[in-house]
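This report covers a protein–DNA assembly. It takes the protein interface, then each DNA strand.

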Number of protein chains: 2
Amino acid sequence: MPPIKVKMLETEGGKGGAKAAPSKRPRAQTRIQREKQEVILEAALDVFSREGFRGATIDQIAEAAGMSKPNLLYYFPRKEEIYQRLLAEMLDIWLAPLREIDSVGDPVPELRSYLRRKLEMSRDYPRQSRLFANEMLQGAPRVLEMLETDLKALVDDKAKVIEGWMDAGKIVRTDPYHLIFSIWATTQHYADFDVQVRAVLGKDRGGEGRFEDAARFLENLFLHGLLPKQ
Amino acid sequence: MPPIKVKMLETEGGKGGAKAAPSKRPRAQTRIQREKQEVILEAALDVFSREGFRGATIDQIAEAAGMSKPNLLYYFPRKEEIYQRLLAEMLDIWLAPLREIDSVGDPVPELRSYLRRKLEMSRDYPRQSRLFANEMLQGAPRVLEMLETDLKALVDDKAKVIEGWMDAGKIVRTDPYHLIFSIWATTQHYADFDVQVRAVLGKDRGGEGRFEDAARFLENLFLHGLLPKQ
DNA sequence: CAGAAATTTGACCAGTTGGAAAAAACGTTA
DNA sequence: TAACGTTTTTTCCAACTGGTCAAATTTCTG
């Protein structure tokens, strides 16, 4: 599976390399380069996911990363570059659960585990989720193309799988696209609207129980709905 | 129902009035004041809902409103003030559907119409939804307090209503809070992730049909789930 | 139409922003 | 340890930011 591509501005091969080796062969990355880049990306994820691209400043990121602005710019010469690195990384892990949906499987365990994996993502990578949400709110200027091609193709494919389950009478006939949207919406909500969820549930119900409650609820909702059988 | 309060910075009574009448009685608003303020709020909603508070600039808003920056600042002396006006207005209309859920009603029509009203909101006020989403992503710095008091109280109240339906055996026993979250998530998704929905559905399915499809799907999902009865 | 009040404009300002440049400090290895 | 490449810091800049102010213009009211 090729890594998701995000519209890239020219950056000598996109390697984000320090402007070290000026003309010859670009030498392998040093230990410090790898480490610092990691620290920077971590800090940038924090800031970008909260403030969005425009709202975030290099200074904020540099401070969060514990280094000076010019020092940060030594590793990533442009703000855009950091953002796009994060976006691309993110899209890759974010779509993994959808890719795993299997056509040969039975719908019940298959949907159940998709729900659960998406919910785990929201729990374990909430900043990535918010980064993506921020990009969506801005109209997806940097990923629109890939949404219309790669993502659409992937969803079309999985929609077919779901339709297969309907044809086999294993699940009720309904719109597979809106089903996928609903799963995305309900699971990502716990990352993107985390503050609201916490505020409404109150101090006490904020911990690990929250995750299990949500998982159980969503499983029941998607499989059985609210009305009692018969 | 008192209007939602948002943390306000001091602005001579919060009336957002032009700095006209300096000391005496503050004179009624002129026609021009009403009109221009409306234009400004419209433009600001556009920009803030896309870029978030920090990402938006007064210049952008002024240009979208077709006036100069100092002219805009004549009507709203601070950027914060515009943003908070929009937030407060928004929270009020946004929560109206939830307030309307009635304890005496039957769950089926009651939930159905709540779903539909929330979905209509996403269709008719998508920018307001994105404004709110942006505020959430930033950690709700301006509304956290009201989420923890007003909103929590309202949701607690409606959760009780839903629990009443469960006690009466009219709907399956489940977590009312997560049920409410799910309705918020699924309906608001169509406003907040509009670009993605459009991209995945393709050019053809972008129109008015989309809304009806979503409404029908969600109704079925929430009432019956995916598994065939029996 | 005169005068007052309301509105708009242009010039300006201090602080912030993304980024460039060069020099200084550091680390590695022959 | 000298020489070289790497990393960090200092200094700087032009554009942009939110906001002020006084003067010029327009609108309203008697």
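## Chain B against chain A

Contact here means heavy atoms within 4.5 Å. By that rule the contact takes 68 residues from chain A and 68 residues from chain B. The model is predicted: local features need pLDDT of at least 70, side-chain atom pairs count only at pLDDT 80 or more, and totals for chains, interfaces and linings use all residues. Residues are numbered from 1 along each chain as its sequence is written, chains are lettered from A and ligands numbered from 1 in the order in which they are written, and side-chain values use heavy atoms, with hydrogens and water left out.

About 6100 Å² is buried between chain B and chain A, with 67% from carbon and sulfur atoms. Buried area is the accessible area (1.4 Å probe) that two parts lose on being put together, summed over both. B:Leu137, B:Val200 and B:Leu226 supply 13% of what chain B buries against chain A, more than any other three residues.

## Salt bridges and helices

Four salt bridges cross this interface. The rule asks for a side-chain nitrogen of Lys or Arg within 4 Å of a carboxyl oxygen of Asp or Glu. One of them may be named: A:Lys203 forms a salt bridge with B:Glu148, with the closest N and O atoms 3.7 Å apart.

Helix 8 of chain B gives the most to the side of chain B that touches chain A: 12 residues. Helices are DSSP runs (H or I, at least four residues), numbered from the N terminus. That side of chain B divides into 34 nonpolar, 19 polar and 15 charged residues. Ala, Val, Leu, Ile, Met, Phe, Trp, Tyr, Cys and Pro count as nonpolar, Asp, Glu, Lys and Arg as charged, and the others, Gly among them, as polar.

## DNA strand D

Strand D is surrounded by 23 residues (a heavy atom within 4 Å). The closest are A:Thr30, A:Gln33, A:Lys36, A:Tyr75 and B:Arg31. The side chain of A:Gln33 places an N or O atom 2.5 Å from a phosphate oxygen of the strand. B:Arg78 has a polar side-chain atom 2.8 Å from a phosphate oxygen. B:Lys69 has one 2.8 Å from a base nitrogen.

## DNA strand C

Strand C has 21 residues around it, and the closest are A:Arg78, B:Thr30, B:Gln33, B:Lys36 and B:Tyr75. Sugar and phosphate make up 69% of its atoms within 4 Å of the protein.

Phosphate oxygens of strand C lie 2.7 Å from a side-chain N or O atom of A:Arg78 and 2.9 Å from a polar backbone atom of A:Ile58.

Definitions and conventions. A polar contact is a pair of N or O atoms within 3.5 Å; within protein, one must be able to donate a hydrogen and the other to accept it, and residues adjacent in sequence count only if both atoms are side-chain atoms. Helices (H or I, at least four residues) and strands (E, at least two) are DSSP runs, numbered from the N terminus.
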